[in-house]
Structures are given as structure tokens and as C-alpha cells.
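The following note gathers points on the model for a colleague's consideration. The points are numbered for ease of reference.

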Amino acid sequence: MALRLTNAGDYAIRSMIFIASLPEDAVVLRSEICETQKIPSSFMAKILRSLVRAQLLRSTRGVNGGFSLARPAAEMTLLDILEAIEGPLGLTDCVPNPEECEHSMNCPANAVWARVQNSIKEIPRGSTLEDLVNMPRKNARVVFIDEPNEGEAEQAAEMTLLDILEAIE
């Protein structure tokens, strides 16, 4: 099973971090976002439309037009950005919409998947755009504060789904 962010989700996050890192009330052109973030222009247009529709960005037309944040970066979460592009995050089809799955009422795994999904959403829900902009950097690279050491990484790789679920409780 691969839980993977789409290119659109990745581009949206990178774009929003870029825009949020500009001076307050700055307006940026799509071409500048594309150039600095190395994103294809036609793809970026679709992403920006979705972010405007989700009221995360404001679009201004005209000579001084472009895109700017629709509200403060501290009020936008990573989950807001992801769901504006990807739609509601769902590990399985039955967790967000149990009525659409004929097995959900009689499936012992359904409760487990719901807990896993809530845990997956917890980190992006608790991470604001401002947090991402202010991430500590050294030599222009992000410093990962919670990076596991070698022993922790090996231990994490050996964890089963049951171990993860027990740790969540």
C-alpha cells in the first residue's frame, strides 16, 4: 500500500510556503511561482484555481494583479492545503463514508482504519503554514528536529500495524 502525496498536493504546499514567505500583503504572479518552485505553468494554473476556490489564496486581476494569501498563514493548516487539492483525505472508501460501503457495519477493520486515518490527519491538522515558513534552517536547508537516530529508525521499520495502533492509544 502506498500512501503518497500527488504532484498537485506537493506543488500546492510548496507554492503556499513560497507565497507565505513573502512580505505581508505581497502579490505574486503565477509565472514567478512556477519559476521559483519549478512547477509547470499549465499545472500551476489549475492548482491556484483550487486554492482560490478553497479561500486560501486571493486572486487579483490587472496590472498589479497576482496571488496573495487570503488570510494569515497562522490560520491555515497543511491539512487545509492538502484537502483543497486532494479532496478529503481518506485511507479507505468506507472510513469517510461508511454508508457507501456495504461491509462497513459488519467490518471489524473499519474501526481500526478510522483510528489510523485520524492519526494520519493529526499532524497536517496541527501544522500551520506559518510553522512551515518558520521551520529552522541551516545553510538554506530545513533542519529536521524530530529526525530519528539510526536505532530508532530500525525500531520503527520493525513496527507492525498493531504496534502503531497501540502507540496511538
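1. Asp 25 is a suitable starting point. With a relative accessibility of 67%, Asp 25 counts as exposed. The residue belongs to the loop that joins α1 to α2 (30-37). The model is a predicted one, and in it the phi of Asp 25 is positive, near 65°, although the residue is not glycine. As background, most residues other than glycine have a negative phi.

2. Lys 38 may be read alongside Asp 25. The phi of Lys 38 is near 55°, again a positive value in a residue other than glycine. Lys 38 sits in the loop between α2 and α3. Its relative accessible area is 67%, and Lys 38 is therefore classed as exposed, the cut-off being over 50%.

3. The overall composition is as follows. The chain contains 8 helices and 4 strands. Their order along the sequence is α-α-α-β-β-α-α-α-β-β-α-α. The chain has 169 residues, of which 30% count as buried. Among contacts with a separation of 6 or more, 60% are between residues 24 or more positions apart. The exposed area of the chain is about 11,500 Å², and 51% of that area is supplied by carbon and sulfur atoms.

4. How many aromatic pairs does the structure hold? There is 1 aromatic pair. It is formed by Tyr 11 and Phe 43, whose ring centres are 5.4 Å apart and whose planes meet at 80°, so the arrangement is edge-to-face. Tyr 11 is part of helix α1 (residues 7-20) and Phe 43 is part of helix α3 (residues 41-53), so the pair ties together parts 32 residues apart in sequence. Tyr 11 has a relative accessibility of 12% and counts as buried, whereas Phe 43, at 27%, counts as partly exposed. The threshold for burial is under 20%, so Tyr 11 meets it.

5. The hairpin of β1 and β2 merits a separate point. Strand β1 (residues 57-60) pairs with strand β2 (residues 66-69) in the antiparallel sense, over 4 bridges. Within this pairing, Leu 57 has Leu 69 in β2 as its bridge partner. The two strands, β1 and β2, form a hairpin with 5 residues between them. In the turn, Gly 62 has a positive phi of about 105°.

6. What is the angle at which helix α4 and helix α5 pack? Helix α4 (residues 78-86) packs against helix α5 (residues 109-125) at about 115°, and the axes are 6 Å apart. The two helices, α4 and α5, are therefore roughly perpendicular to each other. On the α4 side, the residues that meet α5 are Leu 78, Leu 79, Leu 82 and Glu 83. Their counterparts in α5 are Lys 121, Pro 124 and Arg 125.

7. The buried residues of α4 extend this picture. They are Leu 78, Leu 79, Ile 81, Leu 82 and Ala 84. These buried residues pack against α1, α3, α5 and α6 (129-133). After α4 comes Gly 87, which has a positive phi near 85°.

8. Two C-alpha separations relate other parts of the chain to residues 80 and 85. Lys 46, located in helix α3, has a relative accessibility of 52% and counts as exposed. The C-alpha atoms of Lys 46 and Ile 85 are 9.5 Å from each other, while the residues are 39 positions apart along the chain. Ala 54 is placed in the loop between α3 and β1, and with a relative accessible area of 34% Ala 54 is partly exposed. Between the C-alpha atoms of Ala 54 and Asp 80 the separation is 8.4 Å, with their positions 26 residues apart along the chain.

9. Is Ser 104 buried or exposed? Ser 104 has a relative accessibility of 4% and counts as buried. Ser 104 lies in the loop between α4 and α5. Leaving aside residues up to four places away in sequence, Ser 104 touches Cys 94, Pro 98 and Asn 110. The C-alpha atoms of Ser 104 and Asp 93 are separated by 9.6 Å, and the two residues are 11 apart along the chain.

Technical notes:
Residues are numbered from 1 along each chain as its sequence is written. This is a predicted model: local features need pLDDT of at least 70, side-chain atom pairs count only at pLDDT 80 or more; totals for chains, interfaces and linings use all residues. Side-chain values use heavy atoms; hydrogens and water are left out. Buried means under 20% relative accessible area, exposed over 50%, partly exposed in between (1.4 Å probe, protein chains only). Contact means heavy atoms within 4.5 Å. Accessible areas come from the Shrake-Rupley method with a 1.4 Å probe; for residues, only the protein chains shown count as cover. Rings of Phe, Tyr and Trp (its six-membered ring) pair if their centres lie within 6.5 Å; planes under 30 degrees apart count as stacked, over 60 as edge-to-face and the rest as tilted. Two strands pair if DSSP finds at least two bridges between them. Axes are lines fitted to C-alpha atoms, for helices over the stretch in contact, and angles run from 0 to 180 degrees between N-to-C directions. Angles under 35 degrees count as roughly parallel, over 145 as roughly antiparallel, 65 to 115 as roughly perpendicular and the rest as oblique.
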